[in-house]
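User: Please take a close look at one part of this protein, the run of consecutive hairpins in the middle of the chain. I would like the pairing, the turns and the burial described together.

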Amino acid sequence: QFQLVESGGGLVQPGGFLRLSCAASEFTLDRYAIGWFRQAPGKEREGVLCITRSSTITKYTDSVKGRFTISRDNAKNTVYLEMNSLKPEDTGIYYCGAIISDSGYRCYGGTTNYAYWGQGTQVTVSS
């Protein structure tokens, strides 16, 4: 079964930096659009950023503008989420998902368009 694996989460102080990774071992990511989502306690999972196979980027959460970036390294079969100037409200479990429709050239902000998910990685921003 195809599965994604997130890593890189942890506890960081406000204003800090984290880089999350999304990797796959059973399939190659370069043919898929990959999205990062997050879920805070008691809230629904929300889209953050998504990158297509042609590296077109779509932002779904205005609160991360200028602070978060998404990129992909096809040679390493990995998609990254770099998070700068972290705030307590960025706390949550971060998930990556893969879209199998549209040949990887379109991103979506809703979770129903994603076929494969990772188990998530916890990000806690606190002093």
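Analyst: The answer below starts with the whole chain and then goes through the strands and their hairpins.

The model is predicted, so local features are given only at pLDDT of at least 70 and side-chain atom pairs count only at pLDDT 80 or more, while totals for chains, interfaces and linings use all residues. Residues are numbered from 1 along each chain as its sequence is written, and side-chain values use heavy atoms, with hydrogens and water left out.

The protein has zero helices and eleven strands; helices (H or I, at least four residues) and strands (E, at least two) are DSSP runs numbered from the N terminus. The radius of gyration, taken over C-alpha atoms, is 13 Å, which agrees with the value near 14 Å for a compact globule of 127 residues; the globule rule is 2.2 Å times the number of residues to the power 0.38. Of the 127 residues, 43% count as buried, where buried means under 20% relative accessible area, exposed over 50%, and partly exposed in between (1.4 Å probe, protein chains only). Among contacts with a separation of 6 or more, 58% come from residues 24 or more positions apart, a contact being heavy atoms within 4.5 Å.

Strand β5 covers residues 46-51, and five of its six residues are buried. Strand β4 (residues 33-39) runs antiparallel to β5 and is joined to it by five bridges; two strands pair if DSSP finds at least two bridges between them. Within this pair, I34 has I51 of β5 as its bridge partner. The β4-β5 hairpin has six residues between the strands, and there G42 takes a positive phi near 80 degrees.

β5 also pairs with strand β6 (residues 57-59), in the antiparallel sense over three bridges. L49 stands opposite K59 in β6. Five residues lie between the strands of this hairpin of β5 and β6, where S55 has a positive phi near 70 degrees.

The next hairpin to describe is that of β7 and β8. Strand β7 (residues 68-73) pairs with β8 (residues 78-83) over six bridges, again in the antiparallel sense. In a regular strand the side chains alternate between the two faces of the sheet. In β7, F68, I70 and R72 make up the covered face, whereas T69, S71 and D73 form the uncovered one. R72, from the covered face, stands opposite V79 in β8. This hairpin has four residues between the strands, and N77 takes a positive phi near 55 degrees.
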